[in-house]
Amino acid sequence: GFRQVDSGVYLVSKLPTSASIKGRGVCSNCKKITEKISWPTDAFYSIKLAAGNVWAWNAEYLQVLKQHVTGKQRSDAAYARENALFLYYLARLPKYVLLKKSRPLLLKKIDALLSVRAA
């Protein structure tokens, strides 16, 4: 299942990257109650690229995505110590996300999403 946290983002459940997650969640920002989340359609963070979309469960995953795309990723062991689900997420990224031509726009959009969150 899933649950909502105070920062207004979803915590991660060990399910496939495309799935319908049943449970009960409440948005801490707008107080909307939901009975299910359909991934990746309902992802809290979604970035449109020419080749397709990439999404993240929450801001932590955006940071991991940014590190991965810029080549500053940690070792698998470091990810596993911090949160093994980071490896699960990275292993399921679409190939177009890692293309060199996608990087500038993707990084710009990640930074914009992270700056909104920080504001």
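This report covers the fold, the surface and the salt bridges of a predicted model.

**Overall architecture**

The protein contains 4 helices and 4 strands. Their order from the N terminus is β-β-β-β-α-α-α-α. The strand run therefore precedes the helix run along the chain, with β elements leading and α elements following.

Contacts across the chain are well represented in the numbers. Of the contacts with a separation of 6 or more, 45% are between residues 24 or more positions apart.

**Surface and burial**

The protein has 119 residues, and 38% of them are buried. Its exposed area is about 7200 Å². Carbon and sulfur atoms supply 54% of that area.

Trp-55 is an example from the strand region. It lies in strand S4, which spans residues 52-56. Its relative accessible area is 11%. Trp-55 therefore counts as buried, because the cut-off is under 20%. Tyr-89 is 34 residues away from Trp-55 along the chain. The C-alpha atoms of Trp-55 and Tyr-89 are 9.9 Å apart.

**Salt bridges**

Side chains of opposite charge can pair when their charged atoms come close. The count for this model is 2 salt bridges.

One joins Asp-111 and Lys-66, with 2.6 Å between the closest N and O atoms. This pair links distant parts of the chain, its residues being 45 apart. Asp-111 sits in helix H4, residues 103-118. Lys-66 sits in helix H1, residues 59-70.

The other joins the side chains of Arg-74 and Glu-82, at 2.0 Å from N to O. Both distances satisfy the rule, because a salt bridge requires the nitrogen to be within 4 Å of the carboxyl oxygen.

How accessible are the partners? The table gives relative accessible areas for Asp-111, Lys-66, Arg-74 and Glu-82.

| Residue | Salt-bridge partner | Relative accessible area |
|---|---|---|
| Asp-111 | Lys-66 | 35% |
| Lys-66 | Asp-111 | 27% |
| Arg-74 | Glu-82 | 26% |
| Glu-82 | Arg-74 | 45% |

Asp-111 is partly exposed, and so is Lys-66. Arg-74 is partly exposed, as is Glu-82. These residues fall in that class because their values lie between the 20% limit for buried and the 50% limit for exposed. Trp-55, at 11%, is buried.

How values were computed: Residues numbered from 1 in each chain as written. Predicted model: local features only at pLDDT ≥ 70, side-chain atom pairs only at ≥ 80, totals over all residues. Heavy atoms only, no water. Helix = DSSP H or I, 4+ residues; strand = E, 2+ residues; numbered from the N terminus. Buried < 20%, exposed > 50% of the residue type's maximum accessible area, 1.4 Å probe, protein only. Contact = heavy atoms within 4.5 Å. Areas by Shrake-Rupley, 256 points an atom, 1.4 Å probe, with all protein chains shown as cover.
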